[in-house]
Amino acid sequence: MEANEIAGLLDGLIAGWENEVVEFKEPTNDYSTDLIGKYFSALANEANLRNEAAGWLVFGVNDKSRKVTGTSYRPGADHLESLKRQIAQNTEPQSTFRVLHDFHHQDGRVVLMEIPPAPRGMPISWNGHYHGRAGECLVALALDKIDEIRGQTLAVDWSAVVVPEAGFEDLDERALRRAKESFGRKHANRVDSDELADWSTAEFTDRAKLTQGGQITRTALLLLGRPESAWRLSPNPAQLTWNLEGTERAYEHFGPPFFLNTTELFRRIRNIQLRLLPDDQLLPEEVSKYDQRTVLEALHNCLAHQDYALGGRVVVTERPDQLVFESEGAFFDGAPVDYLSGARVPRRYRNPFLVQAMSELNMIDTMGYGIRTMNDRQAKRYLPLPDFDLSDPQAVKLTIYGGVVDPAYTRLLLQATDLPFATVLALDRVQKKLPIPDEEVRRLKRAKLVEGRKPNLYVAAGVAAATDQKAEYIRTRAQDDTHYAKLITDFLEKFGSASRRDINQLLWDKLSDSLNDRQKANKINNLLTKLNRRGVIRNSGSKRNSAWILDVGEIGSVERPTRSE
């Protein structure tokens, strides 16, 4: 923002003076960061409730004379920028200043802090407490305001809204035909192809969750709409943008029907073959720079989960060795790391109607497998794993790599093709110079997969030696507690009861070799306690002479054995 623009912004804020979304202060350099955090929470929440584009905390203006008097708060760009990190560390969901304008007014230095509104449905807390405003006063956020913000995502599903005056003539014939074919493939076991062919357009779109009682929804226009009908979604641009960066520059916008045009965008991407040469082979391994399924998975998830109420487009930026996907709205249910195992199922969606329709057309799944699938496919192609960037509280950024970051990592994956996913994930973080837990560092070092010392770890160059150590790594890698619990319940199901000595003999050699004897004993204690509290097993003996038996509950699908067994 130019100096004259900042001056105009400051004049406008002073003219409007303090209210629920603007606060002026005249602080010295030692102004409390905790108090700034409270104002951040309050102004973000009030900006959300009033549909304001931002809240403002302004330093360097006297709150009585309404004159610029200047401030000595954190002089220097680096010192001021560190405030953003401090705020991000203690807000939930994580948020921070959008921009810090360090402006030199004729009457003194002014710092204008631009605060993004709290995300829809999620009030912002500071150190676990929600703050708000009562006029110019800083107060605890009232319960009715908390309920109002939390109820925002329940009030309206943007994608389910019926579009007035839109009709089936606004849908693209080719997209309809292809959507019907995709629906038929997904439901081949329960919908006969001849029956499907006889469905009218209205019946098909209702069954595919695209329309409601024959009425055209925003979802129908996004996925199957004619390009000429995109105006009916205004003010949302209803666009995907491909942006090429590098020695050559180009861009192209794609409108509805997105059911077809996500593939058209993929075709713009320069998808050459990469030649990867393992150390022990003469012939290179060839892989495409980008995997089509991975790219479409990312693109479809951007469409399914973005916050359309923010009026933004999905942007795919192609750089020489990576694709960056950007979509509006915070990550909605949990965090990306929650979905790496493939076990977490989303409990809610920002656009449930759109998600359901995309699932019916086989564009996405609704079980949360997408992130794990993208990671698995990248690993099988020997390339770095995708990265999520959530530093902007109002957007999600995903990077998919189309080139090698660390040759040692790629050579290791080429030769050791059966490494566990958790190992690949840790090695990927090492090659990107990202932190990993100390326990994981020890395991990787025992397996000779990494070298160096924290924080300067690197993937081991000796691939052959590393692959010889795979068995050693498996011995030192901890199993999931469910695995050990299943061993115990299988033993009890077969033999009826077990003493502590029996259980020790059963598990001791199966526990990670990275644990000492005391840690192994504690691990077994904790496991028995957990199963006992869950009603899976119980001690029918004494504390000194335990006799563990199955109780009425059971993990998984295993049931308590009967007497005849």
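# Reading burial, contacts and charge pairs

Tutor: Of the 565 residues of the protein, 48% count as buried. Please keep in mind that this is a predicted model.

Student: How many helices and strands does the protein have, and what does its C-alpha trace span along the principal axes?

Tutor: The protein contains 21 helices and 22 strands. Along its principal axes, the C-alpha trace spans about 80 × 70 × 60 Å.

Student: What share of the contacts joins residues at least 24 apart in sequence?

Tutor: Among contacts between residues at least 6 apart in sequence, 63% join residues at least 24 apart.

Student: How should I read burial for a single residue, and is T317 buried or exposed?

Tutor: One compares the relative accessible area with a cut-off: a residue is buried when the value is under 20%. T317 has a relative accessibility of 4%, and therefore counts as buried. This residue is found in strand β15, which covers residues 314–319.

Student: Which residues are in contact with T317, leaving aside its neighbours within four places in sequence?

Tutor: They are N243, E245, Q322, L323, V324 and E326.

Student: May burial be read for a whole helix as well, and how many of the nine residues of α12 are buried?

Tutor: One proceeds residue by residue. Helix α12, residues 352–360, is mostly covered, with seven of its nine residues buried. These are F353, L354, V355, A357, M358, S359 and E360.

Student: Against which elements do the buried residues of α12 pack?

Tutor: They pack against helices α6, α8 (201–207), α9 (218–224) and α11 (292–305), and also against β9 (211–212). Just after α12, N362 takes a positive phi of about 65°.

Student: Let us turn to charge. What is the general idea behind a salt bridge?

Tutor: Side chains of opposite charge can pair when their charged atoms come close. In this structure there are 26 salt bridges. The protein has 75 positive and 80 negative side chains, and the centres of these two sets lie 7 Å apart.

Student: Which residue forms a salt bridge with R268, and how far apart are the closest N and O atoms?

Tutor: The partner of R268 is E252, and their closest N and O atoms are 2.6 Å apart. The pair links distant parts of the chain, 16 residues apart: R268 belongs to helix α10 (residues 258–268) and E252 to strand β12 (residues 250–254). R268 is partly exposed at 29% relative accessibility, and E252 is partly exposed at 27%.

Student: Where do D438 and K454 lie?

Tutor: The side chains of D438 and K454 meet in a salt bridge, at 2.6 Å from N to O. D438 lies in helix α16 (residues 438–446) and K454 in the loop between β19 (450–453) and β20 (456–459), so the pair ties together parts that are 16 residues apart in sequence. D438 is partly exposed, with a relative accessible area of 44%; K454 is likewise partly exposed, at 44%.

Student: Are E440 and R443 buried or exposed?

Tutor: Both are buried. Their side chains meet in a salt bridge of 3.6 Å, N to O. E440 and R443 both lie in helix α16, three residues apart, about one turn of the helix.

Student: Which residues are linked in a network of salt bridges?

Tutor: The network links E20, E46, R50 and K145.

Student: Finally, which residues form a positive surface patch?

Tutor: R174, R177, R178 and R185 form such a patch. R177, one of these, lies in helix α6, residues 173–186. This arginine is partly exposed, with a relative accessible area of 48%.

Technical notes. Residues are numbered from 1 along each chain as its sequence is written. Side-chain values use heavy atoms; hydrogens and water are left out. Patches are made of residues with over 30% relative accessible area and no salt bridge: like charges are joined within 9 Å, nonpolar side chains (Val, Leu, Ile, Met, Phe, Trp, Tyr) within 5 Å. Accessible areas come from the Shrake-Rupley method with a 1.4 Å probe; for residues, only the protein chains shown count as cover. A salt bridge is a side-chain nitrogen of Lys or Arg within 4 Å of a carboxyl oxygen of Asp or Glu. Lys and Arg count as positive and Asp and Glu as negative; His and the chain ends are not counted. The place of a charge is taken as NZ of Lys, CZ of Arg, CG of Asp or CD of Glu. Helices (H or I, at least four residues) and strands (E, at least two) are DSSP runs, numbered from the N terminus. Buried means under 20% relative accessible area, exposed over 50%, partly exposed in between (1.4 Å probe, protein chains only). Contact means heavy atoms within 4.5 Å.
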